[in-house]
Amino acid sequence: EFPGSRSTGPAAQPAMRDSVADILNPVRGPRDAAARRGVKPVDHQAEYRRQLREASKKRRDEEVAAEAAASAPQFKMKRFSSATSRVPDAVAASRPDSASRREFLRKGAGAEVTARAAPVVAPSERERRLPVKPAVPTRHELVSTYVPSVPTQAQKDFIRTNAIAAISMPAGSAAAPAGPPPAADKLPQRKVAPGQVPKYLKTRKAELAAVQAQEAAERAAKAAMSNCPPGHRLIPESERQEILAELRGLHAEALKVLRSFPMIVDTESMKASRAAAERRVDELEGAIKTFERPKVFIRDG
């Protein structure tokens, strides 16, 4: 074996097979890697379902046991099997009879009972002779007593008054001009319909747009010429687009020729032809990049 060459002996065959197997069947996550090492990965989802089933079974067993305990007869000794409970009799004896029960008043009945039970006391002679303080007058009583009455002015209906005046006015007396009416041919006539732009404004706008476009073209030409190296000229945009389209067509043909060569080239003539085709493609790509620029200068003459 030469120095630096890769070993292809029997010892290197398993490593090569492992590399090819890794490329064809790559490791898909840590679970796949553990399975390939012989470690069985834990199925957490199955374990979670098993725990749920166990918890559900335990809860059902507890419910069944509770129902069985509730329905089972209570333990009672044989000698007390016929004895009855005395609790209901004791509870009934502790309650008072209906005749001796205390009657409670309903809500609001206490005031009525108190009013009926209170004796009516007549006022004495001295109480009748005491002066009684007059009641506080209301607002309306004060206004009617102390504020002098002001006659209210009747509200006038100006709309009705103006309508009656307009109807009763003689015809032609409202907006009659001072002199005779002007003739129809002497009145000013509109040359343009409402909402339309006059013709002179359209002409003026077109002239301004043409002047602005010419000035912009001149500025662009001056800016381009300021960067133009001596002995060169700027290619017009139309000519640049034509050259660029032609270069792209030649580039497509060169790529077609280059792709027609086989993958393995044995003869020297085919190697030279392929190298020439590759150089042609590289030259055309460089020319296309050059003519794709917005400004292209070429030598005069």
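**Reading a predicted helical chain**

Q: In what order do the helices and strands follow one another along the protein chain?
A: Helices (H or I, at least four residues) and strands (E, at least two) are DSSP runs, numbered from the N terminus. Read along the sequence, the protein chain here gives α-α-α-α-α-α-α-α-α-β-α-α-β, with eleven helices and two strands. This is a predicted model, in which local features need pLDDT of at least 70 and side-chain atom pairs count only at pLDDT 80 or more, while totals for chains, interfaces and linings use all residues. Residues are numbered from 1 along each chain as its sequence is written, and side-chain values use heavy atoms, with hydrogens and water left out.

Q: What share of the residues in the protein chain is buried?
A: Buried means under 20% relative accessible area, exposed over 50%, and partly exposed in between (1.4 Å probe, protein chains only). Of the 301 residues in the protein chain, 6% are buried.

Q: Is Ile 23 buried or exposed?
A: Ile 23, which lies in helix H1 (residues 13–24), is exposed, because its relative accessible area is 67%.

Q: Where is Glu 242 placed, and is Glu 242 buried or exposed?
A: Glu 242 belongs to helix H10 (residues 237–259), and it counts as exposed because its relative accessibility is 57%. From C-alpha to C-alpha, Glu 242 is 10.0 Å in space from Phe 291, with their positions 49 residues apart in sequence.

Q: How many contacts, as a percentage, join residues at least 24 apart?
A: A contact means heavy atoms within 4.5 Å. Among contacts in the protein chain between residues at least 6 apart in sequence, 62% join residues at least 24 apart.
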